[in-house]
Amino acid sequence: MKQYIHSIGVALPNRIVSNADLALHMDTTDEWIQTRTGIAQRYMVEEESHTSLATRASECAFATTSIPPHTITHIIGATCSPDTYSPSLAVSVAHNLGMTNICAFDMNAMCSGYLYGLEIARGLLCANQSSTILLLASELMSRRINMNDRTTAVLFGDASTATILSTQHEGALAELEDVICCADGTLSNCLTLGGACGKPKAVGDSITDDFFIQMNGREVFKNAVRIMPTICEQILSTNGYTIDDIDLLIAHQANFRIIEAVGERLGITQDKVFINVHNYGNTSSATIPLALYEAKEQGILQPGMKVLLVAFGGGFTWGSALLQC
Ligand SMILES: CC(C)(COP(=O)(O)OP(=O)(O)OC[C@H]1O[C@@H](n2cnc3c(N)ncnc32)[C@H](O)[C@@H]1OP(=O)(O)O)[C@@H](O)C(=O)NCCC(=O)NCCS
């Protein structure tokens, strides 16, 4: 039973925060950020809730497919930054969209969340071919960054994406050929996001640093550049392909130096490597669908293309997927 992506919708907050804007509040420069990361700006919410942003992304996804909202059977929220643990982002968006009696839940695989979401969607579609899935890969990272920590504050941004998947071939954007997802907690302390139930809390306790993203940037960089090419080679060889069969590489958009290094190690030419991190920063689980959406809008993603997706994130988690457009 084949599975297909039908459409991808995106919603961005209204506020654009440039590197110069950040330099007003912390000891950093546009030059440092651009040279080390490639990021020029990012979007950050002001008052809008995560649920509202993700509802807008979902409406955008429904606007470009003939699949009607009432046929959705499952909503998966891939996020590490929901408005609340309960209701989950998925349930809140279902409510906003007027959907009831559906299966809706969140899961967190940090920056690999989209690929984990595709893996779960694939399993659900295999279990019941009449399922139709709305996969939210959506983050308000600005609510989880410590503005006193310049080593992380300049890296992240907010974005919401929604991907509709089903087993129907007609009208599809791409077939989901394969997905591989992995995790290894050995180096979990290199990238952490606390603020959950690891420590007892009482009303009135102040927020501690561990509520925010904490990262050993160099270790994350090193492991991302080592692991992403390996998982790409694994998914290619498992499916009988080589890198020469790939028309477009879309890697998790955290840092242009990581993406270029992954491309080089794989031996793919830079013109086949899509990069948009300069406009959005690292939007965690949202980067890959945001890049897919933009590649399509810009006419780069064309029918017939074979696309390789790869992500790496906290945990560590990582994954890769193959799409046939
Ligand atoms: C974070 C990252 C950009 C830092 O780049 P780097 O070249 O490794 O820089 P370093 O951490 O070695 O820091 C170099 C210097 O810049 C300083 N610095 C750090 N952040 C800075 C900032 N925002 N502005 C100015 N200077 C900064 C450091 O304090 C350090 O100064 P020192 O040499 O006086 O100690 C890089 O490690 C990275 O991209 N890591 C991966 C992050 C990532 O992708 N995370 C998400 C994965 S899902």
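**Exercise 1. Asparagine 101**

Decide whether asparagine 101 is buried or exposed in this predicted model, and find what its phi angle shows.

*Solution.* Start with the neighbour count: asparagine 101 has 6 C-beta neighbours inside 10 Å. A residue is exposed if 12 or fewer other C-beta atoms lie within that distance, so asparagine 101 counts as exposed. Next, place the residue: asparagine 101 sits in the loop between α4 and β5 (103-107). Finally, look at the backbone. Asparagine 101 is not a glycine, yet its phi is positive, about 55°. For context, most residues other than glycine have a negative phi.

**Exercise 2. Methionine 110**

Work out in which loop methionine 110 is found and whether methionine 110 is buried or exposed.

*Solution.* First, the loop: methionine 110 belongs to the one between β5 and α5. Second, the count: 26 C-beta neighbours lie inside 10 Å of methionine 110. The threshold for a buried residue is 20 or more, so methionine 110 counts as buried. Third, the backbone: the phi of methionine 110 is near 50°, a positive value in a residue other than glycine.

**Exercise 3. Two cis peptide bonds**

Take the bonds from serine 86 to proline 87 and between glycine 315 and phenylalanine 316, and give the omega and the location for each.

*Solution.* Begin with serine 86 and proline 87: their peptide bond is cis, and omega is near 0°. Proline 87 is in the loop between β4 (74-78) and α4 (89-96). Now turn to glycine 315 and phenylalanine 316, also joined by a cis peptide bond, with omega about -5°. Phenylalanine 316 has its place in the loop between β12 and β13 (317-324). As a reminder, most peptide bonds are trans.

**Exercise 4. The loop between β9 and β10**

Classify threonine 208 and aspartate 205 as buried or exposed, then look up one C-alpha separation for each of threonine 208 and aspartate 205.

*Solution.* Threonine 208 lies in the loop between β9 (191-193) and β10 (213-215), and aspartate 205 lies in the loop between β9 and β10 too. Counting C-beta neighbours inside 10 Å gives 11 for threonine 208, so threonine 208 counts as exposed. Aspartate 205 has 9 such neighbours and therefore counts as exposed. For the separations, the C-alpha atoms of threonine 208 and glycine 195 are 8.2 Å apart, with these positions 13 residues apart along the chain. Aspartate 205 and glutamine 34 are 171 residues apart along the chain, and their C-alpha atoms are separated by 37 Å.

**Exercise 5. Helix α8**

Find the buried residues of helix α8 and explain how they are arranged around the helix axis.

*Solution.* Go through residues 256-266: the buried ones are Ile258, Ile259, Val262, Gly263 and Leu266. Then look down the axis of α8: the buried residues fall within an arc of 135°, so they line one face of the helix. Their packing partners are α7 (217-238), β11 (248-251) and β12 (306-313). Just after α8 comes glycine 267, with a positive phi of about 75°.

**Exercise 6. Core and domains**

Locate the largest nonpolar core relative to the two domains, and describe the contact between the domains.

*Solution.* The largest nonpolar core has 100 residues, and Leu136 and Ile250 touch the most other members. Domain 1 (4-172) and domain 2 (176-324) both give residues to this core, so it lies between them. Leaving out residues up to four places away in sequence, isoleucine 250 touches several residues, among them Phe274, Ile288 and Leu309.

For the contact, 42 residues of domain 1 meet 40 residues of domain 2. On the domain 1 side, α5 supplies the largest share, seven residues. That side divides into 22 nonpolar, 14 polar and six charged residues. The C-alpha centres of the two domains are 14 Å apart.

**Exercise 7. The ligand**

Identify which residues come nearest to the ligand and where its shell lies.

*Solution.* The ligand has 19 residues around it, and Thr28, Arg150, Gly217, Phe221 and Ala254 come nearest. The elements giving two or more residues are α2 (30-37), α6, α7 and β12, and α7 gives the most, with four. By type, the shell has nine nonpolar, seven polar and three charged residues. Both domain 1 and domain 2 contribute residues, so the shell lies between them.

Technical notes: Residues numbered from 1 in each chain as written. Predicted model: local features only at pLDDT ≥ 70, side-chain atom pairs only at ≥ 80, totals over all residues. Core = buried A, V, L, I, M, F, W, Y, C linked by C-beta atoms within 7 Å. Domains from an automatic or database assignment. Contact = placed C-beta atoms within 7 Å. Arc of directions from axis to C-beta. Nonpolar A, V, L, I, M, F, W, Y, C, P; charged D, E, K, R; others polar. Near = placed C-beta within 6 Å.
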